[in-house]
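Open the model in your viewer and keep the sequence panel in sight. The tour makes two stops.

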Amino acid sequence: MTDNAERLYRGKVMLAPMVRAGMLPMRLLALHYGADTVYGEELIDLKVRKLVRRVNGLLGTVDFTLPDNESAVVFRTDREKEKGRLVFQLGSASAETAVAAARIVMHDVDGIDLNMGCPKKFSVQGGMGAKLLENSEVACEIISALRKAVPSHVVVSCKIRLLAETASTVALVRKLVAAGAQSVAVHLRQVTTSTKEPADWKQIRAIMEAVDVPIVANGSVFSHADIAAIRSAAGDEAESPRLGVMVARGALINPSLFSPEGESLELAGRRYLHYCALTDNPYQNTKYTLQRMMQENGARLSAQLGPQRTVHLLTKAKSHYAIAAHWCMHDREGRVPDGIGPELTFDGLTAAFEATYTALLERLPRASAPAADGDGTPDVDALHQAKRARTITTSDARVYTDEYILDGRGEMGHGVGSAVVVECEGARTNAAVQAKSLSESEPQPQGQAVTNPS
């Protein structure tokens, strides 16, 4: 048992690995709301081993891209915010390729996790995911090889599912720990169990008592109260919990689940859009994740967001402008800001948003871009310093604040000046914005950067 494994897993609350949804914006949002540890989405070792590590000075991130296309980012991390909290999940069926992949990312993550639970056809046919539950010898070879290959401070773990009998699950966990796993997460459903069925919380106690490494429980955690409930079911101590709790679909129903106070889904969506802008997230992924949030809420959606926001309408969005317009221009009663007609079509609403957005940016002061290096490339240190000062420079040499402004109620509000998001696809337009609303903005001297108002 290592101190790093303890810090990363024991008694922690964490964001589960979720395909497509577990990108950097969602991880940062989970950390904002109080998650202790975050997993990236599962990535297959055969792809990861070919990636190229690149430092993105403008965003202050480390990007892993395809070798022949540096704009094709497969994995992105903000080490300033994720250091000590980030787990990279691998899909693998071979110790050799798992090690090759781990060596690409091991200096920029805090843990390497082997996926042993995914039941999807692609994973199982390739000998990965849930197939490893049947081939425990291969799983142990992978874990042992990873433990030997990565630095000692990088934690090696795995995520499994329940087997048919509790005794069989316990035996498997013991075997994995003996091979070098420093933590084991357990999805408390069997491979054949539907996600519509409740997770079997009562099985986690026997697993916790069988080994001395941190155990993490996953399944049917849909509210902040469920975190305490699953620990209680495991006989865990409320004041000093040992059991880690992993949240998957609950974080899509409302990402603020990690906070005892919580926030509305509408406001959580605004914060998510904020992080998408800050991290240059592809608009397609932003749209997908918001749609997943809406779908997971099912019949509750209208009460959460009002009738104006629907999965169908969001499908039409082809840019961050359009996504932000759909999510932010209405309040929960369907009202839009003064001066914008209440019966706009989706395209009309997007156009109105772009117009008000452009007008808002024109009111912002301008500032010179950071100096370039001698070879004409941007000065990475200067750009990163601009980000650290809570401003960021766009390709047109303007500097905008990267924080949203709260309205008079202490919320992000809706409409113009409270939900502006830059369309930030591609390296040419990396940017993140928010500034005072049109009614609140005051002219500032030319060349003076906008500072963080909070």
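Two strands pair if DSSP finds at least two bridges between them. Helices (H or I, at least four residues) and strands (E, at least two) are DSSP runs, numbered from the N terminus. This is a predicted model: local features need pLDDT of at least 70, side-chain atom pairs count only at pLDDT 80 or more, and totals for chains, interfaces and linings use all residues. Numbering starts from 1 along each chain as its sequence is written, and side-chain values use heavy atoms, without hydrogens or water.

**First stop: strand β5**

Select residues 61-66, strand β5. Five of its six residues are buried (under 20% relative accessible area with a 1.4 Å probe, protein chains only). The strand is therefore largely enclosed by the rest of the structure.

Add residues 52-56, strand β4. It runs antiparallel to β5, joined by five bridges. Look across from Val-52 to find Thr-65. The two strands form a hairpin with four residues between them. In that turn, Gly-60 has a positive phi of about 70°.

Now show residues 69-77, strand β6. Five bridges link it to β5, again antiparallel. Phe-64 has Phe-75 as its bridge partner here. Two residues make the hairpin connection from β5 to β6.

**Second stop: Ser-256**

Go to the loop between α12 (249-253) and α13 (265-278) and pick Ser-256. Is Ser-256 buried or exposed? It is buried, at 3% relative accessible area.

Show its polar contacts (N or O pairs within 3.5 Å; within protein, one atom must be able to donate a hydrogen and the other to accept it, and residues adjacent in sequence count only if both atoms are side-chain atoms). The Ser-256 side chain meets the side chain of Asn-254 at 2.7 Å. It also reaches the backbone nitrogen of Glu-263 at 2.8 Å.

Definitions and conventions: Buried means under 20% relative accessible area, exposed over 50%, partly exposed in between (1.4 Å probe, protein chains only).
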